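Dear colleague,

Please find the structure below, handed over for your records. My notes on what was found in it follow directly after.

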Protein chains: 2
Amino acid sequence: MDKETIYDIRQFNRFYTKVLGLFNNQILDTNYSLTEARVLFEISERTECFANNLVQELNIDRSYMSRILRKLESEELIEKKSSIIDSRKNFLFLTKKGEELLDKINIQSDEQIIQLFTGLTSSEINEIRTSMMVIKEKLEKNKF
Amino acid sequence: MDKETIYDIRQFNRFYTKVLGLFNNQILDTNYSLTEARVLFEISERTECFANNLVQELNIDRSYMSRILRKLESEELIEKKSSIIDSRKNFLFLTKKGEELLDKINIQSDEQIIQLFTGLTSSEINEIRTSMMVIKEKLEKNKF
DNA sequence: CTCCTTTAGTTGACTTTGTCCACATTTGAT
DNA sequence: ATCAAATGTGGACAAAGTCAACTAAAGGAG
């Protein structure tokens, strides 16, 4: 890899840090943090979800995850149900209230995306989309 | 924008959060945080740099920035020199020691990039690079 | 089965990171 | 001359994240 390529990639990384930062700091008008939102999202995406899946997927310390989950449980956004097969594990799932919150967050997140792209032509949007998929597919197959 | 497009973009954002997270957690064998590294980087990139530039570019609270700068100064990585034209402002610049640290961080960052891309062919790497530049240019011209 | 290692999750104590607000000083505009 | 806005500082605090020790259960190997 030549210097220019590395330079461009690092520049992109700095740039995209800023883009993502924008979203994350627009902490939506719920009282929940990005991390909590991501936890809810991951729980809803999985048919079976344990704390440890989240720890790995979101790269969060397990003690910290434990506290996050306890908080979400105390606010009745999720429920834990101990597994019969392996009683160390707890199945995690969203409550009705948790699903509603996630819906709300999803709507807001979609709107953030729309805002970011407003002003671009649909062919430009498509170019970006395609570019994103290229990056994701190639890096994913390589490392993730 | 249709639902599928928004979906793909959000998926990319989640994915790239993970990629960036990898890097950020690896500021390893210096005792400095990613934020401190970014501050040093920005100071070195600018011919004239004031605290407020950093606050805006890096999206960091100004009281927090004040403390970061004080820490960096106390460790002799940067120096402040009060502006004659506007005595509220301090010119910021790297000391020799700061430059050396930044060099070290840059080398490590380059290596992280190389690691991430090892395993891909050079045409794949080029596709990714081009894709990144498309995304950056289009979004930058639109919003940033 | 028993012993041992590994895995899942919890807790306490702590550090780091980030936020909010009030404040001093200085500048620039009217 | 006055007043609003900009720049940076400091106190007090809250949120986010880390580390080590611990319980308890599960999965072997012999």
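Which atom of DNA strand C lies 3.4 Å from a backbone N or O atom of A:N90? The partner of A:N90 is a phosphate oxygen of that strand; such a pair is a polar contact, defined as N or O atoms within 3.5 Å, where within protein one atom must be able to donate a hydrogen and the other to accept it, and residues adjacent in sequence count only if both atoms are side-chain atoms.

Please note that this is a predicted model, in which local features need pLDDT of at least 70 and side-chain atom pairs count only at pLDDT 80 or more, while totals for chains, interfaces and linings use all residues. Residues are numbered from 1 along each chain as its sequence is written, chains are lettered from A and ligands numbered from 1 in the order in which they are written, and side-chain values use heavy atoms, with hydrogens and water left out.

DNA strand C

Around DNA strand C there are 22 residues, of which A:R62, A:R67, A:R70, A:R88 and B:S63 come nearest; a residue is near a strand if one of its heavy atoms lies within 4 Å of it. Sugar or phosphate holds 61% of the strand C atoms within 4 Å of the protein, and the rest belong to bases. A base oxygen of DNA strand C lies 2.5 Å from a polar side-chain atom of A:R88. From chain B, a polar backbone atom of B:S87 is 3.1 Å from a phosphate oxygen of the strand.

At least two residues each are supplied to this surface by helix 3 (51-58) and helix 4 (62-74) of chain A and by helix 4 (62-74) of chain B. Helices here are DSSP runs (H or I, at least four residues), numbered from the N terminus. Helix 4 of chain A gives the most, with five residues. By class, the surface near DNA strand C has four nonpolar, eight polar and 10 charged residues; Ala, Val, Leu, Ile, Met, Phe, Trp, Tyr, Cys and Pro count as nonpolar, Asp, Glu, Lys and Arg as charged, and the others, Gly among them, as polar.

DNA strand D

DNA strand D is surrounded by 22 residues, the closest being A:S63, B:N52, B:R62, B:R67 and B:R70. Of the strand D atoms that come within 4 Å of the protein, 58% are accounted for by sugar and phosphate. The side chain of B:R88 has an N or O atom 2.8 Å from a base nitrogen of this strand, and a polar side-chain atom of B:S66 lies 2.8 Å from a phosphate oxygen. A:R88 also reaches DNA strand D, with a polar side-chain atom 3.4 Å from a sugar or linking oxygen. Helix 4 of chain B provides the largest share of the surface near strand D, five residues.

The interface of chains A and B

In chain A, 55 residues are in contact (heavy atoms within 4.5 Å) with 54 residues of chain B. The two chains bury about 5,800 Å² between them, 67% of it from carbon and sulfur atoms; buried area is the accessible area (1.4 Å probe) that two parts lose on being put together, summed over both. The rule finds 10 salt bridges across this interface, a salt bridge being a side-chain nitrogen of Lys or Arg within 4 Å of a carboxyl oxygen of Asp or Glu. One of them joins the side chains of A:R129 and B:D8 (2.8 Å, N to O). Helix 1 of chain A contributes the largest share of the side of chain A that touches chain B, 20 residues.

Yours sincerely
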